[in-house]
Amino acid sequence: MTTPAETYGRLALQATDDFEKVTSPAALMERVARILGTFGYTQFIFGRTKVIEGGKIVPVTFIHGWSPAWRKHYVENKLFDHDPVALQAHKSLTPFEWSEAPYDPEQNPRAAAVMNVASEFGLRQGYAIPIATDHTSDVVSMAGEQVDLDAEAKRTLILISYYAHAKAIGLVGNRPISVEYDRVLTPAERETMSWLAAGKTTWEISVILHLSEAAIFKRINSATRKLNAMNRTHAVARALITKEITP
Amino acid sequence: MIHVVTAENRHLYERQLDDAFRLRHDIYVGERKWEALRRSDDREIDQFDTDDTIYHLAIEDGQVVGGSRFCPTTRPHLLSELFAHMATVRGLPTSPTIYEHTRLFIRKDRREESRKRGGLADQMRAGITEYCVDEGISSITLLIELFRMTHMYSIGWKVRPLGLPERVENEFWIAAEVPMDYETLVNVRQNCHIEGRVLVHEGLHGRRIHAA
């Protein structure tokens with residue numbers, strides 16, 4: 001009988017073998033996104049910080065998968081300066097859940113504000129894995145609406161992140177690069193849209209997935225909204241174009 | 001230069017080998033506080049330091065400044081006897097052409113500068129790779145802190161995990177396998193800015209250690 005640990009273990013090792021074969025940053029990010037998606041994470045970043053003159057820490061993102069809306073908000077409002085997750089990642093190499101990044105909401109309301117607004121952008125639960133290289137302080141940070149992490153899942157994510165990070169450096173070196181990987185759909189939405197793209201009706205999908213029609217409608221509506229589509233046909237087209245789903 | 005020491009030429013390196021065991025004690029017990037390895041004679045020697053063990057000794061001006069060891073996986077070794085649980089996903093590789101590589105150390109006073117490109121740490125890793133290619137060792141197995149993996153990858157070692165990382169004290173460790181071949185050697189030398197051979201085979205007569 002396979003234990004959860006063995007299942008996770010196989011997933012992790014499969015992922016790391018998979019990364020080995022990748023030859024472009026975009027392909028790597030696609031694979032990372034897919035794996036993180038199975039855990040419930042919809043967005044992630046390979047962040048890097050450096051210390052500039054005067055000792056100030058500044059972000060030098062080297063590969064990001066934040067949604068464009070979140071990224072815009074984060075950069076325009078200089079949220080990095082008050083982001084407790086970014087600070088914790090710089091202080092310690094121990095992986096931590098975003099909820100574990102310490103700050104005092106009374107002493108530091110701006111830190112609290114960062115976490116609150118992240119939540120509004122769908123980044124409700126996150127996990128951060130700091131990784132030090134010879135010259136930089138990096139972090140693989142991921143977030144989603146609803147994630148359930150047990151100890152085995154964490155170990156799997158840690159291993160996958162280290163590998164993806166090592167591979168990313170191999171592919172992009174030390175040049176900061178913005179590879180945009182914008183996944184806005186949840187795995188459930190993606191699954192449903194894939195069936196729609198295959199020509200199934202709402203009722204057929206509900207049978208296939210053992211869910212109520214109402215649940216399927218909900219997923220399709222949510223996906224349509226997120227994809228800024230006019231209707232479900234348009235949504236399928238947009239999902240294909242943006243590679244949320246593949247034919 | 002890095003000297004290869006086996007049962008065949010051990011007699012030429014008795015003093016340096018003893019220094020290496022003392023340094024291992026200073027570092028693993030003294031610095032890292034791995035109390036389980038402490039011995040009253042201040043030498044860190046365990047049940048895997050046998051006649052089949054091969055040592056690399058980095059020697060400068062007659063002094064040992066670094067070292068490591070290779071243990072055959074066809075005999076009891078660290079991973080098989082004490083840490084097999086860390087390799088349950090892929091299984092522990094054992095074969096006459098696979099060696100476990102452990103106890104890599106660099107003397108404290110040389111550590112800082114050993115880290116630069118082409119420095120002692122790079123030379124030792126190039127030496128490990130060179131040795132494997134010379135001897136036909138197809139891969140080495142390791143037990144390492146996860147954070148070391150990043151650096152190893154950057155020099156050209158394709159570290160393959162054998163299981164999920166395990167938390168020991170404050171660090172995550174993994175059991176891993178690193179394939180060794182000529183292409184890896186070329187990459188390592190290039191990435192580490194090392195030209196040519198780093199190994200010395202004193203008193204060794206080109207004997208392959210595994211049945212070819």
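**Exercise 1. Is A:Arg155 buried or exposed?**

*Solution.* The model is predicted, so local features need pLDDT of at least 70, side-chain atom pairs count only at pLDDT 80 or more, and totals for chains, interfaces and linings use all residues. Residues are numbered from 1 along each chain as its sequence is written, chains are lettered from A and ligands numbered from 1 in the order in which they are written, and side-chain values use heavy atoms, with hydrogens and water left out.

Step 1. The classes are defined by relative accessible area, with a 1.4 Å probe and protein chains only: buried is under 20%, exposed is over 50%, and partly exposed is in between.

Step 2. A:Arg155 has a relative accessible area of 17% and is therefore buried.

Step 3. The side chain of A:Arg155 meets that of B:Glu166 in a salt bridge of 3.2 Å, N to O. A salt bridge is a side-chain nitrogen of Lys or Arg within 4 Å of a carboxyl oxygen of Asp or Glu. B:Glu166 has a relative accessible area of 22%, so this residue is partly exposed.

**Exercise 2. Describe the interface of chain B and chain A.**

*Solution.* Step 1. Contact means heavy atoms within 4.5 Å. By this rule, 20 residues of chain B are in contact with 23 residues of chain A.

Step 2. Buried area is the accessible area (1.4 Å probe) that two parts lose on being put together, summed over both. Between chain B and chain A this area is about 1,900 Å², and carbon and sulfur atoms give 66% of it.

Step 3. The rule finds three salt bridges across the interface of chain B and chain A. Helices (H or I, at least four residues) and strands (E, at least two) are DSSP runs, numbered from the N terminus. On the side of chain B that touches chain A, two or more residues come from each of helix H5 (146–155), strand E6 (160–161), strand E7 (166–168) and strand E8 (171–179) of chain B. H5(B) gives the largest share, six residues.

**Exercise 3. Explain how B:Asp49 is placed and which partners it has.**

*Solution.* Step 1. B:Asp49 is in the loop between helix H1 (14–31) and strand E2 (54–60) of chain B. Its relative accessibility is 14%, so B:Asp49 counts as buried.

Step 2. A polar contact is a pair of N or O atoms within 3.5 Å; within protein, one must be able to donate a hydrogen and the other to accept it, and residues adjacent in sequence count only if both atoms are side-chain atoms. One such contact, of 3.0 Å, joins the side chains of B:Asp49 and B:Arg69. The side chain of B:Asp49 also reaches the backbone nitrogen of B:Asp46 at 2.9 Å.

Step 3. B:Asp46 in turn forms a salt bridge with B:Arg69, with the closest N and O atoms 2.8 Å apart. B:Asp46 lies in the loop between H1 and E2 of chain B and B:Arg69 in strand E3 (residues 63–72) of chain B, so the pair ties together parts that are 23 residues apart in sequence. B:Asp46 is buried at 13%, and B:Arg69 counts as buried at 0% relative accessibility.

Step 4. A network of salt bridges links B:Arg24, B:Glu44, B:Asp46, B:Asp49, B:Arg69 and B:Arg103.

**Exercise 4. Where is A:Gly54 placed, and is this residue buried or exposed?**

*Solution.* Step 1. A:Gly54 is in the loop between strand E1 (43–51) and strand E2 (57–59) of chain A.

Step 2. The relative accessible area of A:Gly54 is 85%, so this residue is exposed.
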